[in-house]
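Biologist: Please show me the structure. Then let us go through it with short questions.

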Amino acid sequence: MSSFPSSEPTYIHGSLPREQRRLSVLNELLNSRSLAALDVRFGDRVLDLGSGLGQLSRGIARAVGRKGRVVAIERDPGQLAAAVRLAAAEGEDGLVDFRAGSVAAPPLDGGEWGTFDVAHARFVLEHLSDPRAAVALLARAVRPGGRIVLEDDDHSLLRVHPRDPDLERLWDAYVASYERLGNDPRIGTRLTGLLVEVGAEPRRSDMLFFGACRGARSFEPMIGNFRGVLEGARQSLLDTGSASEPDIERGLAAFDRWRGLADAALWYVTCWAEGVRPGS
């Protein structure tokens with residue numbers, strides 16, 4: 001979960017403390033589902049590209065155990081520093097090999113390429129102008145028969161009830177801001193195609209549910225995350241001409257009214273695709 005776009009990024013949310021807090025809560029909401037789907041084995045060697053705050057990376061490291069290894073790569077120095085601090089605060093410094101580096105040139109030495117059992121990226125590809133290049137690097141990082149696992153969004157899949165036109169217009173503007181930056185807000189449903197393009201063999205596609213209705217324990221933190229996404233994208237919305245300041249304020253006000261409704265419900269998913277590098 002990261003600030004890792006393009007060959008060099010155009011991450012629209014930034015990495016201010018408010019955004020780091022949002023991402024930390026998002027990790028708490030999603031990581032158990034991602035870890036269950038990832039299904040790493042004891043002793044696996046795992047590359048986590050675009051590791052953000054490192055909470056998922058550490059979860060993977062706990063799963064692979066002392067005989068396994070996790071290399072987590074993050075471009076943004078603020079995110080990386082926060083990941084190291086969080087690990088130390090929870091007594092897990094040294095559990096993950098955190099490295100600073102770009103998606104265009106991951107800091108792996110010559111002996112590491114082609115040795116990982118799993119290469120993983122979550123919420124990375126949607127921010128890239130050339131996602132295929134990133135997937136090709138992930139495929140190159142794993143051994144023959146190793147797994148490439150992609151998790152990402154198709155923002156067009158969001159559904160809310162009751163519908164609100166001002167809220168929906170703001171979400172549509174948010175999606176448009178990705179496109180105007182040259183990125184792909186619908187990449188989640190293209191993930192198997194990207195695997196094929198880089199010569200990997202798709203083995204699994206899935207969707208991990210991310211939503212709730214009012215009254216569910218997870219509703220407020222999930223809804224807070226979506227509001228944080230929209231608030232955090234304010235500057236990008238303005239810079240790309242996707243929405244004006246009054247449009248943004250009208251949409252956020254609609255969001256706040258909607259979240260108080262007794263029948264408010266939100267449906268969203270993280271798209272999942274898994275492939276293997278050919279070979280035995």
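Modeller: A disulfide is a pair of cysteine sulfur atoms within 2.5 Å. This is a predicted model, where local features need pLDDT of at least 70, side-chain atom pairs count only at pLDDT 80 or more, and totals for chains, interfaces and linings use all residues. Residues are numbered from 1 along each chain as its sequence is written, and side-chain values use heavy atoms, with hydrogens and water left out.

Biologist: How many disulfides does a search of the whole structure find?

Modeller: A disulfide is a covalent bond between the sulfur atoms of two cysteines. The search covered the whole structure, and the number of disulfides found is zero.

Biologist: Is Cys271 buried or exposed?

Modeller: Buried means under 20% relative accessible area, exposed means over 50%, and partly exposed lies in between (1.4 Å probe, protein chains only). Cys271 has 3% relative accessibility, so Cys271 is buried.

Biologist: Which helix gives the most residues to the largest nonpolar core?

Modeller: A nonpolar core is a set of buried Ala, Val, Leu, Ile, Met, Phe, Trp, Tyr and Cys residues joined through side-chain atoms within 4.5 Å. The largest has 32 residues. Helices (H or I, at least four residues) and strands (E, at least two) are DSSP runs, numbered from the N terminus. Helices H1, H5, H7 and H9 each give two or more residues to this core. The one that gives the most, with seven residues, is H5.

Biologist: Where do the buried residues of H9 fall, seen down its axis?

Modeller: They include Ile248, Leu252, Phe255 and Trp258. The arc is that of the directions from the helix axis to the C-beta atoms. These buried residues fall within an arc of 160°, so they line one face of H9.
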